[in-house]
Amino acid sequence: MKKTLRDVDVEGKKVLVRVDFNVPLDKNGRVADDTRIRGALPTIQYLLDHGARPILMSHLGRPRGQVVESLRMGPVGKRLQKLLSYPVVYVREIVGPGVKKAVEENPKAIILLENLRFHPGERENLPELSRQMARLADVYVNDAFGTSHRAHASTVGVAAYLPALMGLLMEKELETLGGLLEDPARPFVVLLGGNKVSDKLGVIDSFLEIADTILTGGGMCFTLIKSMGLEIGQSVVEEDQLRQITSVLKKARKKGVKIVVPSDFMIADRFDKKANHKLVPAESIPPDWMGLDVGPVTVEKYCTFIKEAKTVFWNGPMGVFEWHAFSKGTRGIANCIADTEAVSVVGGGDSDAALRQFDLEDKMDFVSTGGGAAMRLLEGKKLPAVEALMDG
Ligand code: ADP
Ligand code: MG
């Protein structure tokens, strides 16, 4: 385990915190959703309560190494100040004397630096940029789990030059997601959907070691179904993964893990929001049609597993939930997870978006703030930004 900020006395110290404030902005440039800002509040509050002076840094959007006026951190600073009721001073620079001056002149404020990705050195993990960052503070804390699979100047580079600790959100993410692979309460049911099976093979492989049941849906299940010899019509399929899938199914049998595919689908005559659609049993998809959602029989069947589970992990929507006609499967499953007594953990950007669309996010025990990073971790891979932190 890595050292957390609770392991160190931060009183009177300047603490440089990498946060994930990569929030969506609305047409007027205001913060449209502050979930990610709120995610970092426990760490920031902890630092304030313990007499530390937080200096926050994050990326926002994709400015590609240059200044983009609409992606400055000003609006984020405003929202943060409101959420904390504590002064936030936003500096329009990332490193250098201007920043140092702002830090010296504002001992009773949180300092927020400019969008890290305005500097090309951020993504290049440029040592000189990391060194300059390190000069701003006494301690470095990484609370940006969502970017921990990237080796950038603010996530990996800087950690070499300062005592480097996990923030509270980072710790919670690693504990919760990592815990799934270690000692989950049983039965442990994993629900996998989403677009491409090739994206999910790594996590399937991990879960074959520890889950009791894997319930499948979304676009990814059609490659599975096809490998079982069934007709899938025009549904999405990755032909080049068929062999891989056959060996996954074989491994599942050997490990005694049940992999379940849907029993019925909402099918469509084209990939369109307004396509003609109807419910059919899984084995009756006509050649010209495609499955865009799981049907009610599947939802009921999956809910039985979810009800009996002690731990549920969900990644990947069960259908094209963005389109009303194909959202019922995902909604039905999300409702079951919301109602179950089991510990529920959700990972994945689109799964999170679906939960928000159904207003069910608060009903989950834990929703990861890192899509790509969460999947990496669950594949059993190392996260470079975590590796860079001090061992506890
Ligand atoms: P997450 O971001 O939660 O990991 P993915 O990115 O793997 O999820 O997959 C999400 C996408 O999968 C959604 O945009 C959804 O529309 C799409 N999808 C779900 N089911 C199907 C399907 N049957 N056919 C095509 N696309 C699908
Ligand atoms: Mg996605």
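Me: Is glutamate 361 buried or exposed?

Reply: This is a predicted model, in which local features need pLDDT of at least 70 and side-chain atom pairs count only at pLDDT 80 or more, while totals for chains, interfaces and linings use all residues. Residues are numbered from 1 along each chain as its sequence is written, chains are lettered from A and ligands numbered from 1 in the order in which they are written, and side-chain values use heavy atoms, with hydrogens and water left out. The cut-offs are under 20% relative accessible area for buried, over 50% for exposed and in between for partly exposed (1.4 Å probe, protein chains only). Glutamate 361 comes out at 17%, so it counts as buried.

Me: Which arginine meets the side chain of glutamate 361 in a salt bridge?

Reply: A salt bridge here is a side-chain nitrogen of Lys or Arg within 4 Å of a carboxyl oxygen of Asp or Glu. For glutamate 361 the N to O value is 3.5 Å. The partner is partly exposed, at 35% relative accessibility. That's arginine 356.

Me: What other residues are linked with Arg356 and Glu361 in a network of salt bridges?

Reply: Arginine 356 also has a salt bridge with aspartate 33, at 2.2 Å from N to O. Add one more aspartate and you have the network. The other members are Asp33 and Asp352.

Me: How many salt bridges count between domain 1 and domain 2?

Reply: Going by an automatic or database domain assignment, the chain splits into domain 1 (5–169) and domain 2 (176–378). Nine residues from domain 1 and 10 from domain 2 make the contact, where contact means heavy atoms within 4.5 Å. The salt bridge count between the two domains is one.

Me: What area do domain 1 and domain 2 bury between them?

Reply: Buried area is the accessible area (1.4 Å probe) that two parts lose on being put together, summed over both. The domain centres, taken over C-alpha atoms, are 35 Å apart. Of the area buried, 61% is on carbon and sulfur atoms. The total is about 730 Å².

Me: Why does the salt bridge of glutamate 122 and arginine 18 tie together parts far apart in sequence, and how many residues apart are they?

Reply: The closest N and O atoms of glutamate 122 and arginine 18 are 3.6 Å apart. Both residues are buried: glutamate 122 has a relative accessible area of 0%, and arginine 18 also has 0%. Helices (H or I, at least four residues) and strands (E, at least two) are DSSP runs, numbered from the N terminus. Because glutamate 122 lies in helix H4 (120–124) and arginine 18 in strand E1 (14–18), the parts tied together are separated in sequence by 104 residues.

Me: Which backbone oxygen does the side chain of threonine 311 reach?

Reply: Threonine 311 is in strand E13 and counts as buried, at 4% relative accessibility. Beyond four places in sequence, its contacts include Leu180, Pro187 and Val343. A polar contact is a pair of N or O atoms within 3.5 Å; within protein, one must be able to donate a hydrogen and the other to accept it, and residues adjacent in sequence count only if both atoms are side-chain atoms. At 2.6 Å, the side chain of threonine 311 reaches the backbone oxygen of alanine 185.

Me: Which peptide bond is cis, with omega near 0 degrees?

Reply: Look in the loop between H6 and strand E7 (188–192), where you'll find proline 187. This proline is also among the residues that threonine 311 touches. The cis bond runs from arginine 186 to proline 187.

Me: Which elements do the buried residues of H13 pack against?

Reply: Helix H13 covers 371–378, with Ala373, Ala374, Met375, Leu377 and Leu378 buried. After H13 comes glycine 380, with a positive phi near 85 degrees. The packing partners of the buried residues are helix H6 (168–182), helix H7 (197–207) and strand E13 (311–315).

Me: What is the phi of arginine 64?

Reply: Arginine 64 is in the loop between strand E2 (53–57) and helix H2 (74–84). At 68% relative accessibility, arginine 64 is exposed. Although not a glycine, it has a positive phi of about 55 degrees.
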